[in-house]
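Student: I would like to go through this model and ask what stands behind each label. Please set the values against the cut-offs as we go.

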Amino acid sequence: MARLFMKGTEAVAEAAVRAGCRFFAGYPITPQNEVPEYLSRRMPEVGGVFIQGESEVASISMVYGAASAGTRSMTSSSSPGIALKSEGISYCASALIPMVYSNFARGGPGVGSIQPAQQDYFQATKASGNGGFQMMVFAPSSVQEAVDLTYEAFDLADRDRNPVCILADGVIATMMESVEFPPMKSNVEIDAIKESKREWALVGHDFEKEKRAWIEPGHWQTKDMQKANEDAAAMYLEWEKDIRVEEYGLEDAEIVLTSYGISARVVKSAVSILRAEGIKAGYIRPITVNPFPYGAYDHINYDKCKAVLNVEMSIPAQFGVDVKVGVKDRCPIEHCLCSGGNIISRNAVLDAAKKIMKG
Amino acid sequence: MQKIYTRTKTIQQDKVSGFCPGCMHSTIIKLIGEVLEELDVVDRTACVLGIGCCGLQMDYMAYDNSTAPHGRACATATGVKRSNPESLVFTYQGDGDLASIGLAETMSAANRGENISVIFVNNGIYGMTGGQMAPTTLIGMKASTAPKGRIADEHGYPMHMCEILNQLTAPVYLERTSCNNPANTMKTKNAIKKAFRNQLDGKGFSMVEIVTSCPTNWGLDALASLEYIEEKMLPEFPLGVIRDR
Ligand SMILES: Cc1ncc(C[n+]2csc(CCOP(=O)(O)OP(=O)(O)O)c2C)c(N)n1
């Protein structure tokens, strides 16, 4: 397929359609209104369903229902809307319902600001709802990566029968870039995916208790609830193999910058300038922020590295807390932060890096 | 000897219900099961349960079911139905679930004319959590969070969901019934059947509001609860067809 020049929101929506997503419910919120707008046009073209829900709470509950019935389903929102969706996300995790959602994050807390931010990191990676469940969380740093990860997210959600989160931000949402799309899943493939869920999905079964589908977002018996928690915990451990991270220049780096999502884009550009100026800089960019690639920080050559510079669009740092776990006090960690809808500037990153190298 | 009555197969034969003595949930669940069998749709039915005592049936119902987040049953059912239009999808909700926390989801699904059926069990109180005030609690009726009884100036008035939904254009069928005597119980069964038939005929949103009791939280025995329904509940919640299109 030819390259297309597309906005991040619309590209993510198209990637979902290509992955076989045939149900979307969402509620308007900046900066991701183009996701529901695009899908309101696109879903009818492919025989899918689009619903503008009466709220985020209703939209995620619709997705919970549609995905319970075996359909690949998605919702999307931005920070305050994701907070409302946490109820349904937790229900999906508890009831083993696969679904994908994207958070095009904006400044917070509260209604915050409508501009890009990375202030939902803890919410996405540690506590997206009650009950201590986890999800795979992908953090794309380009529109192309957002497309590829969204496409794959549906497979992983189905594999694990668990929600998958695309943690993007307002830059990825509104930026236009050239993208190439993965192939469109055929109706035959989509039917086969739905059919593979027949056993547990709400599609109707003979009325004998062994056969009925029973979507259970909780358990009356505490022993059953604990067993469900244990099974989930065992699955989270399996995710070690799914970790994705980009590393550069760690062998000889005197300074290692680390960042994710859109700020990692800025970091990469800063690192190439630093290298050109003779400063041996490297970077670590987690692509999965849950599971977190703590092991990548073992690849730093701590005999040479003066400091790790955490670059993040959140004050106080959140991603930086995971970085600290990875670095394990083997060298100091400095922070270059902005927040509230401000986008990290390359000059700020360069200044912070140079200050460390001088000091 | 000829067998003229058996338990509906939609209830697992080896299970007992967890409902309190005199509770009408078990009656209504039986009626629903009989209707599903009579319409021969059990193998394509999906029930979306609300949160509350209504969910106690999940252990022993024999057909597909899920539990929605508290109040979200109409939204969850919307997702199920839209993704499988050939299924018969109904919600089963209490008054706290449908008329308080889920008011937006109920109104919006009705307003969209979703082709689902809603079975609304109105016992005037929060059953599962121990008798707190509900949107349908009668004026003067005591609740654990309204120790002096519901006071209009402070709590407002009981909500009449059939009449409220009757303000919308889309719903096709709204009826209020009860299970306080055999005649009303039979009418309830017919209303449920009609709501399901409407859906199978692709007509759109139907709701049956069933006025019931909660002997445990009303602090009355089963018989006194039936009298309370007759004397107090039904004057506030008159029975009958509110809309039939
Ligand atoms: C989000 C949320 N809030 C509160 C509760 C606690 N809760 C469980 S059942 C219930 C009330 C149920 O009352 P009603 O809908 O009238 O049903 P009944 O038990 O009377 O059948 C409440 C408040 C919950 N489970 N989830």
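**The ligand site**

Tutor: We can start with a polar contact: an oxygen atom of the ligand lies 3.3 Å from an N or O atom in the side chain of His25(B). Keep in mind that this is a predicted model.

Student: What makes the pair at His25(B) a polar contact?

Tutor: The cut-off for a pair of N or O atoms is 3.5 Å. The distance at His25(B) is 3.3 Å, so the pair is within 3.5 Å and counts.

Student: Which other residues have an N or O atom at 3.2 Å from an oxygen atom of the ligand?

Tutor: Asn123(B) has one in its side chain, at 3.2 Å from a ligand oxygen. Ile125(B) has one in its backbone, also at 3.2 Å from an oxygen atom of the ligand. Both values are within 3.5 Å, so these pairs are polar contacts too.

Student: How much of the ligand does the protein bury?

Tutor: The ligand taken alone exposes 580 Å², and 75% of that is buried by the protein.

Student: Which elements give two or more residues to the shell around the ligand?

Tutor: They are helix 3 (95-101) and strand 5 (125-126) of chain B. Helix 3 of chain B has the largest share, with three residues.

Student: Which of the 16 residues around the ligand come nearest?

Tutor: Cys53(B), Asp95(B), Asp97(B), Gly127(B) and Met128(B). By class, the shell holds six nonpolar, eight polar and two charged residues.

**Buried residues in chain B**

Student: Why is Asn123(B) called buried?

Tutor: Its relative accessible area is 9%. Buried means under 20%, so Asn123(B) falls in that class.

Student: Where is Asn123(B), and what does this residue touch?

Tutor: Asn123(B) sits in the loop between strand 4 (117-122) and strand 5 of chain B. Leaving out residues up to four places away in sequence, Asn123(B) touches Asp95(B), Met141(B), Thr212(B), Ser213(B), Cys214(B), Trp218(B) and Met233(B).

Student: Is Cys23(B) buried or exposed?

Tutor: Buried: the relative accessible area of Cys23(B) is 17%, and the cut-off is under 20%. Cys23(B) belongs to the segment before helix 1 (25-38) of chain B. From Cys23(B) to Ile4(B) there are 19 residues in sequence and 25 Å in space, C-alpha to C-alpha.

Student: What makes helix 2 of chain B mostly covered?

Tutor: Of the eleven residues in this helix (residues 73-83), ten are buried. Among them are Ala73(B), Cys74(B), Val80(B), Lys81(B) and Ser83(B).

**Exposed residues and backbone features in chain A**

Student: Why does Val111(A) count as exposed?

Tutor: Its relative accessibility is 60%. Exposed means over 50%, so the label applies to Val111(A). Val111(A) is in the loop between strand 5 (99-105) and helix 5 (121-125) of chain A. With residues up to four places away in sequence left out, Val111(A) touches Pro80(A) and Arg106(A).

Student: Which peptide bond in that loop is cis?

Tutor: The cis peptide bond joins Gly108(A) and Pro109(A), with omega about 0°; Pro109(A) lies in the loop between strand 5 and helix 5 of chain A. A cis peptide bond also joins Thr30(A) and Pro31(A), where omega is about 10°. Pro31(A) is in the loop between strand 2 (23-26) and helix 2 (34-45) of chain A.

Student: Why is Leu96(A) called partly exposed?

Tutor: Leu96(A) has a relative accessibility of 43%. That value is neither under 20% nor over 50%, so Leu96(A) is partly exposed. Leu96(A) also has a positive phi of about 60° although it is not a glycine. Its place is the loop between helix 4 (79-95) and strand 5 of chain A.

Student: What is the phi of Asp329(A), and why is Asp329(A) called exposed?

Tutor: Phi of Asp329(A) is near 60°, a positive value in a residue other than glycine. The relative accessible area of Asp329(A) is 68%, which is over 50%, so Asp329(A) is exposed. Asp329(A) lies in the loop between helix 11 (319-327) and strand 15 (333-337) of chain A.

Note on methods: Residues are numbered from 1 along each chain as its sequence is written. Chains are lettered from A and ligands numbered from 1 in the order in which they are written. This is a predicted model: local features need pLDDT of at least 70, side-chain atom pairs count only at pLDDT 80 or more; totals for chains, interfaces and linings use all residues. Side-chain values use heavy atoms; hydrogens and water are left out. Buried means under 20% relative accessible area, exposed over 50%, partly exposed in between (1.4 Å probe, protein chains only). Helices (H or I, at least four residues) and strands (E, at least two) are DSSP runs, numbered from the N terminus. A residue is near a molecule or strand if one of its heavy atoms lies within 4 Å of it. A polar contact is a pair of N or O atoms within 3.5 Å; within protein, one must be able to donate a hydrogen and the other to accept it, and residues adjacent in sequence count only if both atoms are side-chain atoms. Accessible areas come from the Shrake-Rupley method with a 1.4 Å probe; for residues, only the protein chains shown count as cover. Ala, Val, Leu, Ile, Met, Phe, Trp, Tyr, Cys and Pro count as nonpolar, Asp, Glu, Lys and Arg as charged, and the others, Gly among them, as polar. Contact means heavy atoms within 4.5 Å.
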